[in-house]
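This report looks at how one model is put together, from its domains to its strands and its chain contacts. Please keep the sequence and the structure at hand while reading.

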Amino acid sequence: MARMQIEGLCKGWDFPVIDRLDLTVEEGEFFVIVGPSGIGKTTLLRLIAGLETANAGRIAIGDQDITALPPYKRPVAMTFESYALYPHLSVFENIASPLRARRMDTAAIRAAVNEVAELLRIEALLDSRPGEISGGQKQRTALGRTLVAKPRVFLLDEPISHLDAKIRHELRQQFHSLEELRRVATLYVTHDYSEALSLGDRIGVMGRGGLVQVGSAREVFMRPRTLFVAEHLGQPAINAVAAHIGGEGADLHVRAGNSGFGFPIGGTRAAALSGARHARVTVGIRPQHIKVLRNGEDAPGHHVIEGHVEIYEALGANGVLVADAGGISLTALTSPEHAFAHGQPVRLALRTDAVFYFDSETGDNLLL
Amino acid sequence: MSEQGARLVRILLLMFLGLWLILTLFPLYWQFITAFKSAAETNRTIPTFWPEVWHFENLASVFAEKSNFNALVDSFIIATGNTLASLVLGTLAGYAFARFPRQAGGENLAFWILSNRMFPPVAVLVPMFFLFDAMPWGTDSHLSLIILYLVFNMPLATWLMMVFFRDAPRELEEAAYLDGYTPLRAFVKVTLPLVLPGMISVAMLCWIFAWNEYLFANLFVGTQVRTFTIVIPTFTHGSQTLWNLQMAFSMIAMLPPVALFILLRRYMVRGLSLGVVKG
């Protein structure tokens, strides 16, 4: 009934920002768009909201084509990155605003606003002005203003990006538990991959011009279609090493230039990559797939390489180690029990079966 | 800076402030004491700095003539009418320049409008007289001065309102559109309240200009309509200038703008310090 369909959407100024974008968000689906800053995520939301006019393409909600409708006639609610709360109105009036626009009667407005405020746990703030409340409370107020409108599509623009980590986590859980958001089509935009992986029923990774890959969080994370997708999801970012594939028959291996870094490609992957023999590739190794071995420790099924520590950061729950392995810098995720000193020799065990191979020109994943 | 240097700066600053105070307050003091002197005392070769006898009846004698009171009413009608017109036109034009600069004619047109304010008024005095004389309402009417003062006040109002509107985040208007408000309703609900302090300070500037204007009023009106600014110089007795009555009347005429400023100074400060309206 209220799925949102976007077909062939184009928008650009001096250069194209969104180029023939297609996207369908089902009713009840929570779709997260993740991508670097300035790539056009907000522009996409503004196009759907009607704050920008598309150069081409079509946007429909349910059976209704809304492409040509002005924003105030679209069944869409949006939160802004800056919250855009009306500074001269109380929190109550801010939330009541969409209902006042419809000239609902006062008693009904009071009931609806109170209900939303209770849901978001901001009842105590209803008489405050936006200038008097904290960032997290502002975010809740902005969310309340969209919830009370009961739109058919929710657009959420970086709703929690500017809050401290603690509140961010709390509000992320709130997005999980809000039934209202799970009943209609929701489009949530963020630059933070963990928000995307945590919240999205499906996620779309946005690159130059449009969506590079769309799929479930797990699928996009485990099977990135391009190097761009792989680089954008995960913290610390994936190790990307320029290399080439060499070897004969079933005996393929990877070597990075003239450095000492390389490893054999085993089993089924060798068969899949046989067409790419001698090709220049970018090898992607996630930091969690590099294990730092302790003295005498063994790692069966891993390829072990020697290196020495360049940087070690202890981050509490885990550690991030940057090691030099034969002239290549590799980032590894370690357990926090062991500290490492600069220059200390380490042995790194690669899970070669979890390595990605990307075409060095196009960035396409060669294993898909 | 050394401690001695800092002290020197403080002393110089205090001296400057003291001088500034004398320069601004002396005319007011002189106006005040003159208003209560007798005509004879005002004409002494050696002036007195305090009235020998306080002639409080000077104030009453100003209003003994009803036409003097009517002059204040005429000034009030003109200043208020002009302020309202300047505000309406300036707000609409300022909004257009702030939000749709290209469609509204761009920075050049906005600056041309402002440049009208910088024109030396004397240069257009006579042409303006003939222009207004040809109008159905003539020169000697409230409407003529209300319209004429727009030449000075509308550019000011347009330019200042443009700055205020630029400062009011566009996103708030967009949020109102998404709440379901049409552009006009969004303007009234969100944008106008944000620029209200600015509007009040613009209104005050316009009102005070129109209230105080002498040059054009002196040439344009005088029979049907008389503003207080052209009435004050008529307080003479033969060849003698009645300084005491002139000062008494000008003191009374000063009260409305001063009262206005005191009442609205909160908005004036907020309006002129711009960024404060941001959320």
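The sections below take up the domains, a sheet and the contact between chains in what is a predicted model.

## Domains of chain A

Chain A is divided into two parts, with domain 1 covering residues 4–232 and domain 2 covering residues 239–359. Taken over C-alpha atoms, the centre of domain 1 of chain A and the centre of domain 2 of chain A are separated by 39 Å.

Between these domains of chain A, five residues of domain 1 are in contact with five residues of domain 2. On the side of domain 1 that touches domain 2, three residues are nonpolar, one is polar and one is charged.

## An open sheet of five strands

Five strands of chain A form an open sheet with antiparallel pairing, in the order β13-β12-β11-β14-β20. Because β13 (262–265) and β20 (356–359) of chain A each have a single partner strand, they stand at the edges, and one side of each is left without a neighbour in the sheet. On average, and with direction ignored, neighbouring strands of this sheet are turned by 40° against each other.

At the β13 edge, strand β12 (residues 251–255) of chain A is joined to β13(A) by four bridges, and the two strands run antiparallel. Within this region, A:Arg255 has A:Gly262 of β13(A) as its bridge partner.

## Contact between chains A and B

Where the two chains meet, 21 residues of chain A are in contact with 14 residues of chain B. On the side of chain A that touches chain B, the elements that give two or more residues are β6 (76–79) and α2 (91–101) of chain A. By class, this side of chain A has 16 nonpolar residues, four polar residues and one charged residue.

Methods
Residues are numbered from 1 along each chain as its sequence is written. Chains are lettered from A and ligands numbered from 1 in the order in which they are written. This is a predicted model: local features need pLDDT of at least 70, side-chain atom pairs count only at pLDDT 80 or more; totals for chains, interfaces and linings use all residues. Two residues are in contact if their C-beta atoms, placed from the backbone, lie within 7 Å. Ala, Val, Leu, Ile, Met, Phe, Trp, Tyr, Cys and Pro count as nonpolar, Asp, Glu, Lys and Arg as charged, and the others, Gly among them, as polar. Two strands pair if DSSP finds at least two bridges between them. Axes are lines fitted to C-alpha atoms, for helices over the stretch in contact, and angles run from 0 to 180 degrees between N-to-C directions. Domain bounds come from an automatic or database domain assignment.
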